[in-house]
Amino acid sequence: MINLLDTPGRDPSRVVIIGGGLAGLSAAEAIARVGGQRIRITLLESRRVAGGRVGSFSDDVTGESIDYCQHVTMGCCTNFISLLERSGQIDDWPRYSSLIFLHPQTGASRFAPSRLLSPPLHLAVTLKQLKYLARDSRRRIKHGLLRLMRTPAIELQDRSARDWLQANGQDDTTITLFWDVILVSALGDRTDCVSMAAARKVIIDGFAAARGASDVLVPRKPLSNLIGDVLSAHVARSGVEFRRGVTATGLQRTSNDALQVETYSGEQLTAEHVIIAAPWFAAAKLLRASSFAEAFPLLDELQTLPASPITGVHLWLDREIMQEPHAAIVGLLPQWIFRQPIDVKSSGDEHYYQVVISGSRDIRGRDKAALVAQIMSDLSRVLPAANHANVMRFKMVTDPQSVFSVSPEVDRLRPQSRTPVKGLYLAGDWTQTGWAATMEGAVISGMIAANQVLAHEALPELKIDPGLPRGWLARWLIRD
């Protein structure tokens, strides 16, 4: 921590951060690292636990805490990974440099970038490893990847991913077998909904630009523990006043030009700076209840940003059905399966697995038992041992507002951190971060908001990591 002493005779400035998810925790941690005694930080979280949209349930049988849906991060998410390192939890995020793709006809294919070839050529060998791709599809994919590398993101903001892919030689089979497998999971929505600019960010930064970018880090403990407990405790140790169970209900300007946050209990907190780090729908509601509502003409659009649901299907089976820790599934209802992804205690002879389905609008309202039967049928097509497995119990959790749908229209609505109101800033993965709805985007948004505060206080701003360094070939081939 950089410890800057107070200016003699000057009281510390105060920052109130509304929201204890990753964005709010990131903002608090960043300001505390630089501000030291110069800035007092109060973080308000409406719930009794921190973590924001990261939630968990308690298993009725074992009492274990299990995340509603399995989260992972990638090697390209350098700001989030740095935060994990600073908070002392990186060892709880095992890193995998290869992935397994399961296809009903061809079985398992290992996706492992070459260690010898320079990026982005290190991906060339991976296409041959994916046995379910026909030669024609591999040719189309190589053509599409080259076109994507040579097209700057700014030229793709008004195009949906599927529209651009089809216009650039990708037929429906190739989109289903390759592009959808990567993009739906990474962006949380279908390729006909997301913008091609967001898709490009995934493909280029997450796979093509640098070695290690496509590595997958899977937490071995629930994020309600790692983010809600470990990270929040790290932030509290840095001097941040962490107040749980406090809901902000209003915001106004005081007579001495400060900002005043009103809480549900009637308390009023005065500060020079306020960062709203709540989800988009909650942020819009708070702004609407403030005296600054007229300064935000797009509140209706912000509050109703379309969301994409993600479903986590928790299965306790009577036998083991796979040896790999996780795998992507091609062309079937389950998109990912994780074997005992966290340190969950099983009861008796139970074996725990989690299936993740992103963009799960189509299954809303369907009978849960019938869905589990379809999932098990699909799993038996790619994992032969599942043919003989019995479901001892299951739990299905769908978060309808898990992520915002990063469509071209939504991308244009995402606000900047700085607002028209002096001293008021926004943070959250839904703000303009250059990333889609990801933990990396949330962390970056918090750092952007923190830098606004630090700049106003004439303190050094923190450098936001631009990502993994690119080699000469990637710099030459990829146009940004």
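Let's start with the aromatic pairs: the structure holds nine of them. Keep in mind as we go that this is a predicted model.

Take Phe57 and Tyr68. Their ring centres are 6.3 Å apart and the planes meet at 15°, so this pair counts as stacked; the cut-off for that label is planes under 30 degrees apart. What does the pair tie together? Phe57 sits in strand E3, residues 56–58, while Tyr68 belongs to the loop between strand E4 (65–67) and strand E5 (73–74), so the contact links parts that are eleven residues apart in sequence. The two partners also have their own surroundings. Phe57 is buried, at a relative accessible area of 9%, whereas Tyr68 is partly exposed, at 36%.

Now for another pair, Trp316 and Tyr352. Here the ring centres are 5.2 Å apart and the planes are at 45°, so we call the pair tilted. Trp316 comes from strand E15, residues 307–317, and Tyr352 from strand E18, residues 351–358, so this pair ties together parts that are 36 residues apart in sequence. Buried or exposed? Trp316 is buried, and Tyr352 is buried too.

One more aromatic item before we move on: Phe101, Phe111 and Phe207 come together as one aromatic cluster. If you have the structure open, do pick out those three phenylalanines.

Let's turn to the backbone, since I know some of you enjoy checking torsions. Which peptide bond is cis? The one from Pro119 to Pro120, with omega near 5°. To find the spot, look in the loop between strand E8 (107–111) and helix H3 (124–129), where Pro120 lies.

Then there are two residues with positive phi to show you, Asp257 and Ala458. For Asp257, which is not a glycine, phi is near 75°. Asp257 is in the loop that runs between strand E11 (248–253) and strand E12 (259–263), and with a relative accessible area of 41% it is partly exposed.

Ala458, again a residue other than glycine, has phi near 60°. You will find Ala458 in the loop between helix H13 (439–456) and helix H14 (472–477). How accessible is Ala458? Its relative accessible area is 67%, so it is classed as exposed, the cut-off being over 50%.

Let me zoom out to the whole chain. The protein chain has 14 helices and 20 strands. Its radius of gyration is 23 Å, close to the 23 Å that the globule rule gives for 480 residues, so the chain is as compact as a globular protein of that length. Along the principal axes, the C-alpha atoms fill a box of roughly 70 × 55 × 40 Å.

How much of the chain is buried? Of the 480 residues, 57% are. As for contacts, take those between residues at least 6 apart in sequence: 71% of them join residues at least 24 apart.

On the surface side, the chain exposes about 20,200 Å², and carbon and sulfur atoms supply 50% of that area. For anyone thinking about electrostatics, there are 53 positive and 49 negative side chains, and the centres of those two sets lie 5 Å apart.

That's the tour. If you would like one place to look at together, I'd suggest going back to Trp316 and Tyr352, the tilted pair formed by two buried residues. Thanks, everyone, and I'm happy to chat.

Note on methods
Residues numbered from 1 in each chain as written. Predicted model: local features only at pLDDT ≥ 70, side-chain atom pairs only at ≥ 80, totals over all residues. Heavy atoms only, no water. Helix = DSSP H or I, 4+ residues; strand = E, 2+ residues; numbered from the N terminus. Rg over C-alpha atoms; globule rule 2.2 N^0.38 Å. Buried < 20%, exposed > 50% of the residue type's maximum accessible area, 1.4 Å probe, protein only. Contact = heavy atoms within 4.5 Å. Areas by Shrake-Rupley, 256 points an atom, 1.4 Å probe, with all protein chains shown as cover. Lys, Arg positive; Asp, Glu negative; His and termini not counted. Charge placed at Lys NZ, Arg CZ, Asp CG, Glu CD. Phe/Tyr/Trp six-rings, centres within 6.5 Å; stacked < 30°, edge-to-face > 60°.
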